[in-house]
Amino acid sequence: MKFTILTLFKDMYDGFLNTSIIAKAIKKGIVEVKLVNIRDYPLDAYGHVDDTPYGGGAGMLMSVKPIYEALKANYDPNAHILLTSPKANPFTQEKAVELAKKEHIIIICGHYEGVDARVEMLADEKISIGDYVLTGGELPSMVVMDSIIRLLDNAISKDSLEDESYTDGLLEYPQYTRPYDFMSHKVPDILLSGHHEKIRRYRLKMSLLETFIYRKDLLKNRKFTKEEKAIIKEIVDEFERS
């Protein structure tokens, strides 16, 4: 899979591309990342890539022409083009899975007070990582890339993916390692039982409980299995007895 990132700040990616899972995926040839400096396609001889907005207003807008020229220089008819923007539904694990099937993703990183509205017509879709304001699209692009790359074959172990939060629509169950007893907080004994079926059911129970406590919205449209319904009743009964 290939990523092409259109950015004003290539240096921001130095640590991201040379650390941990991302670096390993690149080294294995699982993914290729190309950084394109939008400043290489300026509006004028002075190197401008931004300008004041028509109609007035604070700050500067990234101009459409440098971004268009950067896209044209890296044209690929099979590429799926994303524009980082607050005007999009929040990025989800489901969207990451969908994008992981693409051959080539180009991400346009917005900056300053925003981008010329005509940039939107150059993208296949807009992407947002949450309802808050960031300086630019570089951090969102890294979040999107990270979530997609780890889904690619051989980037990380299949078992790790299966047990993660959001993989089955629930938050991940709590996990523990040594020491067994830390400041009187002990590892649940069932996890030391060696009984795989009981451990699986316990983890499902804890996933349901964690999701209910922290992200009720994830349960709103969930179609619960017969086992999940039984576990939910069990949780309710326990709360009523306590």
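Q: Which residues does Ile22 touch, leaving out those up to four places away in sequence?
A: In this predicted model, Ile22 touches Phe16, Leu17, Asp146 and Ile149 once residues up to four places away in sequence are set aside.

Q: Where does Ile22 sit, and is the residue buried or exposed?
A: Ile22 belongs to helix α2. Its relative accessibility is 3%, which is under the 20% limit, so Ile22 counts as buried.

Q: How many residues separate Ile22 and Ala73 in sequence, and what is the distance in space?
A: They are 51 residues apart along the chain, and their C-alpha atoms lie 26 Å apart.

Q: Turning to the interior, how many residues does the largest nonpolar core have?
A: That core has 24 residues. Phe3, Ile107, Met145 and Ile148 are the ones with the most contacts inside it.

Q: Which elements each supply at least two residues of this core?
A: Two strands do so, β1 (2–7) and β6 (104–108), together with the helices α1 (14–17), α2 (20–28), α4 (93–99) and α5 (138–149).

Q: Which of them gives the most?
A: Helix α5 gives the most to this core, with five residues.

Q: And what does Ile107 touch, again leaving out residues up to four places away in sequence?
A: Ile107 touches Phe3, Thr4, Ile5 and Leu6, then Leu82 and Thr84, and also Ser141, Val144 and Met145.

Q: What does the second, separate core include?
A: The second core has 18 residues, and Leu83, Ile106, Ile108 and Val119 are among them.

Q: Back to β6: how many of its residues are buried?
A: Five of the five residues in β6 are buried, and the strand is described as mostly covered.

Q: Which residues lie on each side of β6?
A: His104, Ile106 and Ile108 are on one side, while Ile105 and Ile107 are on the other. Both faces are covered, and each of these residues is buried.

Q: Why do the side chains of a regular strand fall on two faces?
A: In a regular strand, the side chains alternate between the two faces of the sheet.

Q: In what sense does β6 pair with β1, and over how many bridges?
A: The pairing of β1 and β6 is parallel and runs over five bridges. Within β6, His104 is the bridge partner of Lys2.

Q: What about β5 and β6?
A: Strand β5, residues 80–84, also pairs with β6 in the parallel sense, over four bridges. In β6, Ile108 is the bridge partner of Leu83, and Ile105 is the bridge partner of His80.

Q: How does the chain cross from β5 to β6, and is the crossover right-handed or left-handed?
A: The chain passes from β5 through α4 to β6, and this β-α-β crossover is right-handed.

Q: What is the strand order in the sheet of five strands?
A: The order is β2-β1-β6-β5-β7, in an open sheet with parallel pairing.

Q: Which strands stand at the edges?
A: The edge strands are β2 (32–37) and β7 (125–127). Each has a single partner strand, so one side of each lacks a neighbour in the sheet. From one strand to the next, the twist averages 25°.

Q: Changing topic, how many salt bridges does the structure hold?
A: The structure holds 16 salt bridges. One of them joins Lys95 and Glu125, with 3.1 Å between the closest N and O atoms.

Q: Where are Lys95 and Glu125 in the chain, and are they buried or exposed?
A: Lys95 is in helix α4 and Glu125 is in strand β7, so placed that the pair links distant parts of the chain, 30 residues apart. Both residues are buried.

Q: Which residue forms a salt bridge with Arg201?
A: Arg201 forms one with Glu234, and the closest N and O atoms are 3.1 Å apart. This pair links helix α7 (residues 196–214), which holds Arg201, to helix α8 (residues 226–241), which holds Glu234, across 33 residues.

Q: How accessible are Arg201 and Glu234?
A: Arg201 has 27% relative accessibility and counts as partly exposed. Glu234, at 26%, is also partly exposed.

Q: Which residues are linked with them in a network of salt bridges?
A: The network links Arg201, Lys205, Glu234 and Glu238.

Q: Where do Asp237 and Lys233 lie?
A: Both lie in helix α8, four residues apart, about one turn of the helix. Their side chains meet in a salt bridge of 3.1 Å, N to O. Asp237 is partly exposed at 24%, whereas Lys233 is exposed at 53%.

Notes:
Residues numbered from 1 in each chain as written. Predicted model: local features only at pLDDT ≥ 70, side-chain atom pairs only at ≥ 80, totals over all residues. Heavy atoms only, no water. Core = buried A, V, L, I, M, F, W, Y, C linked by side-chain atoms within 4.5 Å. Buried < 20%, exposed > 50% of the residue type's maximum accessible area, 1.4 Å probe, protein only. Contact = heavy atoms within 4.5 Å. Pairing = 2+ DSSP bridges. Right-handed = clockwise from strand over helix to strand, strands pointing away. Axes fitted to C-alpha atoms, helices over the stretch in contact; angles between N-to-C directions. Salt bridge = Lys/Arg side-chain N within 4 Å of Asp/Glu carboxyl O.
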